[in-house]
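This report goes through selected helices and the residues around them.

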Amino acid sequence: MTTKDYLSARTQFRIGFERRRFGAVEILTAPALSACEGVIHGFTTRAGGVSTGGCASLNLCFSRDDSEQNVLANFEILCNSVGLDLATMALVNHEHGANVLAIGADAGGCGITRPPLAFSDGFVTDDPGVTLTTSHADCSAYFFFDPVTRSIGLCHAGWKGTLARIGANVVEAMRAAFGANPADVIACVAPCICGDCFEVDESLGLRFVSQFGADCLITRRANGKAYLDIEAAGAIQLLEAGISPANITLMNACTYEMRDDFFSYRRDKGITGSMIAFMKVYI
């Protein structure tokens, strides 16, 4: 896809997010998904939890410098605040790849109160008995909902998964498992580190341009480095997968810049917590 083609399609995207507060907990949602009946979704901020230090306060990752007790307490706070059941939540066991699993209610609790799922960076379901959950601290989440088959998908998308087209793989998994038509799917690219902040080796930036065809993925270059727009790369693969531009939302929120809202692995030099994205379909 050329830069011209992408920028033309982008004029039809929805841009931005809505904040929803539940006591001390605040989540971000996409208005296009919030308007759909039978599905709940959200991307957490760092507010409302019990963790301290670099993980303050709603850290939802067990592999950070935080106690298991704190993380479980934070999950319970989140669930009680937004009306989720912790026993249904299945947390992605990501490996910065592009594997996608189809899961059901029997995966509830995996990665949180039960042993983790098999390695994958995304999953799909049409089962109301499971809540899809992914972990983030600069990497994005992609949300997917097909109102026809009432199936959903969610994935973790760092630069490796983005380059490997994890989003397109989720769309294909929804088609294969549930018969979803990409033209019906409503999708959202969640907060991530933005193209003004994500410095990479120039060679990696050029790999993205070669892979996706749009030179706008590099926002600037200097001294062997490039700044990479992985949000745009995510949107391009969703377009290529057959999702209508009018059905795509970019939350357009930078985890690096928005210090009060988000943990950022790069900004905080690894001394940080993680947000989660969650999605659940109802009968």
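Thr162 lies in helix 4, which runs over residues 159-163, in what is a predicted model. Thr162 has a relative accessible area of 1%. That value is under 20%, the limit for buried, so Thr162 counts as buried. Leaving aside residues up to four places away in sequence, Thr162 touches Tyr142, Ala157, Phe208, Phe212, Ile230, Ala233, Gly234 and Gln237.

Glu202 belongs to helix 6, residues 202-212. With a relative accessibility of 23%, Glu202 is partly exposed. Residues touched by Glu202, again without those up to four places away in sequence, are Arg221, Gly224, Lys225 and Ala226. Between Glu202 and Asn223 there are 8.5 Å from C-alpha to C-alpha, and the two are 21 residues apart in sequence.

The two residues are set side by side below.

| Residue | Helix | Relative accessibility |
|---|---|---|
| Thr162 | helix 4 (residues 159-163) | 1%, buried |
| Glu202 | helix 6 (residues 202-212) | 23%, partly exposed |

Helix 3 covers residues 68-82, which is 15 residues. At 1.5 Å a residue the expected span is 21 Å, and the end C-alpha atoms are 21 Å apart, so the two values agree. Which residues of helix 3 are buried? They are Val71, Asn74, Phe75, Leu78, Cys79 and Val82. These residues cover an arc of only 130 degrees around the axis, and therefore sit on the same side of helix 3. Gln69 and Asn80, on the other side of helix 3, are exposed.

The buried residues of helix 3 are covered by elements that include strand 2 (18-22), strand 3 (25-29), strand 4 (39-44), strand 5 (89-91) and strand 16 (275-281). After helix 3 comes Gly83, with a positive phi near 85 degrees.

A further topic is the packing of one helix on another. How do the axes of helix 1 and helix 7 cross, and at roughly what angle? The axes of helix 1 (residues 3-10) and helix 7 (residues 230-240) come within 11 Å and cross at roughly 85 degrees. Angles of 65 to 115 degrees count as roughly perpendicular, so helix 1 is roughly perpendicular to helix 7. Helix 1 contributes Tyr6, Ala9 and Arg10 to the contact, and helix 7 contributes Glu231, Ala232, Ala235, Ile236 and Leu239. By class, this contact of helix 1 with helix 7 has six nonpolar residues, two charged residues and no polar ones.

Conventions: Residues numbered from 1 in each chain as written. Predicted model: local features only at pLDDT ≥ 70, side-chain atom pairs only at ≥ 80, totals over all residues. Heavy atoms only, no water. Helix = DSSP H or I, 4+ residues; strand = E, 2+ residues; numbered from the N terminus. Expected span 1.5 Å × (residues − 1). Buried < 20%, exposed > 50% of the residue type's maximum accessible area, 1.4 Å probe, protein only. Arc of directions from axis to C-beta. Contact = heavy atoms within 4.5 Å. Axes fitted to C-alpha atoms, helices over the stretch in contact; angles between N-to-C directions. Parallel < 35°, antiparallel > 145°, perpendicular 65-115°, else oblique. Nonpolar A, V, L, I, M, F, W, Y, C, P; charged D, E, K, R; others polar.
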